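Visitor: I should like a close look at a single part of this structure, namely the surroundings of the annotated binding site. Please describe that part in a connected account.

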Amino acid sequence: IWSEALQGLEPRLDKQTFDMWLRPIRLASIEDDRLRLHAPNRFLKEWFETHYLALVLDEIEGRQGRRFGVELEIVEPAEPAKAPAASSTETSIAQSPAAQPTVTLRRGPEAPTGLHPRYRFDSFIKGASNELAASAAMAASDAPGTRFNPLFIYGGVGLGKTHLLHGIGHELHRKDPSLRIVYLSAEHFMNEFVTAVRNNQFDEFRARYRKDCDCLLIDDIQFIAGRDRTMDEFFHVFNALYEAGKQIVVTSDRVPADMPGMEARLTSRLNWGLVADVQPPDLETRIAIVQAKAERDGMELPAEVCLTIAELVRSNVRELEGALLRVTAFAQLRGVAIDKAFVESVLGKRRVDKTPITIEAVQKAVAGYYSVRISDLKGKRRHRGISRPRMVAMYLCRQLTDSSFPEIGMRFGGKDHSTVINACKRIAALQEDDEELRGAVESLRGQLAS
Ligand code: ADP
Ligand code: MG
């Protein structure tokens, strides 16, 4: 079903996009209604997740008539023989930037940047929510190892921490191509460490991170909390670099003091420099981000459209990017112009914002709409004025929440799952030619999604 779906999508996406982001994703297995997918590396995984996953799932749903869940794992492809760690030359890195998250930038006209090419300062939109972190990142790359050392950037997912971290790498490299910049995730750091210990290559490991490094950029440090030996090693790396006046930048999903399992001496060091947060962007920033991304992709979006997307998607920038891509991809596929109504239909259908819709919320909205009591929805009365709203509520619960039929039944006063299934079928069928019902469902859907 995977290759079928990909084949279906192939003609509709441009080839480069397809080859770059979709082709490398492999279907490992199907378990019940979950697809287990393998991505060769983190970038691809994240990129695919945020930009194409929804599209592919929609395609599969269209073909199979049901929706699959997804587990996306990073599994490095087996074919290419692993290069011995000791001889990690510039060229081998240059050839596979995306497949090799550890990056050592070295002198050279075409500097191998395994840093994400798009994660630069000039594509980062500053706003009140990220101002401190962004300014500090820029300052740290103006004068590395001096003012903000270490620089610790924290905040929720999709708010630009990794982007800023890469931005520092790019900027430092641009200013001084001879700087040896090492970027990697804490998880990768741990893996390297474990491998080095196992293979007796600890000297190389030590040289790589403690000596041959002018700037260390570590993403998602929270990962090593509780991993004693890795923390210990990182502590020594930190000290060596810090004493040598090298810049250290670390990101995390929370403040140093709030990481259970993190060694106290490490926590205190992470606090030595500047601790800066990134917060969810406010409306103005979200609009600016949508505009910037659209412009970058060579699209002209009416101001009203940017506004609508920014209003509908509030949680984080990654979701915002995903929403924009969804809108533009759908518009392309259907060959229609993008206007406010179109955006609402694409984004309203499934909430892009991660705050999930709850069964309670559906019940409340439906009860309000039909002026019935919630207890009636949960009760047993079969009067049409009540059974109709009840069925609509069950139908919407199934459509808008992740709840199973039995679960919905439970929450409607302990009804059997077959009752819920029948209600969903009834409402789906009735909507075909009952315009009033269709209007009610759509209006409730819109109300719940906003
Ligand atoms: P985090 O590491 O905090 O989870 P990322 O840095 O991976 O988040 O950001 C998620 C996506 O959002 C990336 O594609 C990034 O380029 C984009 N992004 C985040 N913040 C901004 C911003 N202020 N301006 C432009 N793009 C942003
Ligand atoms: Mg990140």
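Guide: In its unreviewed entry for this chain, UniProt places the feature "binding site" at Gly158, Gly160, Lys161 and Thr162. The model in view is predicted, and the account below follows two of these positions before turning to the ligand.

Gly160 is located in the loop that runs between strand E5 (151-155) and helix H7 (161-175). Gly160 counts as buried because it has 26 C-beta neighbours inside 10 Å, and 20 or more are enough for that class. If neighbours within four places in sequence are left aside, the contacts of Gly160 are with Phe124, Asn130, Val278 and Val317.

Thr162, by its position, belongs to helix H7. Thr162 has 24 C-beta neighbours inside 10 Å and therefore counts as buried. With neighbours within four places in sequence again set aside, Thr162 is in contact with Tyr119, Asp219 and Thr251.

The ligand brings these annotated positions together with another part of the chain. Around ligand 1 there are 17 residues, of which Gly160, Lys161, Thr162, His163 and Val317 come nearest. Two elements, H7 and helix H14 (317-334), each give two or more residues to this shell. Val317, one of the nearest residues to ligand 1, is also a contact of Gly160. By class, seven residues of the shell are nonpolar, seven are polar and three are charged. Domain 2 (101-105 + 117-278) and domain 3 (283-349) each supply at least three residues to the shell around ligand 1.

Helix H14 also leads to a neighbouring element, helix H12, whose buried residues pack against H14 and against helix H13 (303-312). H12 covers residues 283-296, 14 residues in all, and its span from first C-alpha to last is 20 Å, close to the 20 Å expected at 1.5 Å a residue. The buried residues of H12 are Thr285, Arg286, Ile287, Ile289, Val290, Gln291 and Lys293. After H12 comes Gly298, with a positive phi near 70 degrees.

As for the wider setting, the chain contains 21 helices and nine strands. Of its 450 residues, 37% are buried, Gly160 and Thr162 among them. Among contacts in the chain with a separation of 6 or more, 71% join residues 24 or more positions apart.

How values were computed:
Residues are numbered from 1 along each chain as its sequence is written. Chains are lettered from A and ligands numbered from 1 in the order in which they are written. This is a predicted model: local features need pLDDT of at least 70, side-chain atom pairs count only at pLDDT 80 or more; totals for chains, interfaces and linings use all residues. UniProt positions are given in the numbering used here, feature names are shortened, and annotations may be inferred rather than shown by experiment. Helices (H or I, at least four residues) and strands (E, at least two) are DSSP runs, numbered from the N terminus. A residue is buried if 20 or more other C-beta atoms lie within 10 Å of its own, exposed if 12 or fewer, and partly exposed in between; C-beta atoms are placed from the backbone. Two residues are in contact if their C-beta atoms, placed from the backbone, lie within 7 Å. A residue is near a molecule or strand if its C-beta atom, placed from the backbone, lies within 6 Å of it. Ala, Val, Leu, Ile, Met, Phe, Trp, Tyr, Cys and Pro count as nonpolar, Asp, Glu, Lys and Arg as charged, and the others, Gly among them, as polar. Domain bounds come from an automatic or database domain assignment. The expected span of a helix is 1.5 Å times one less than its number of residues.
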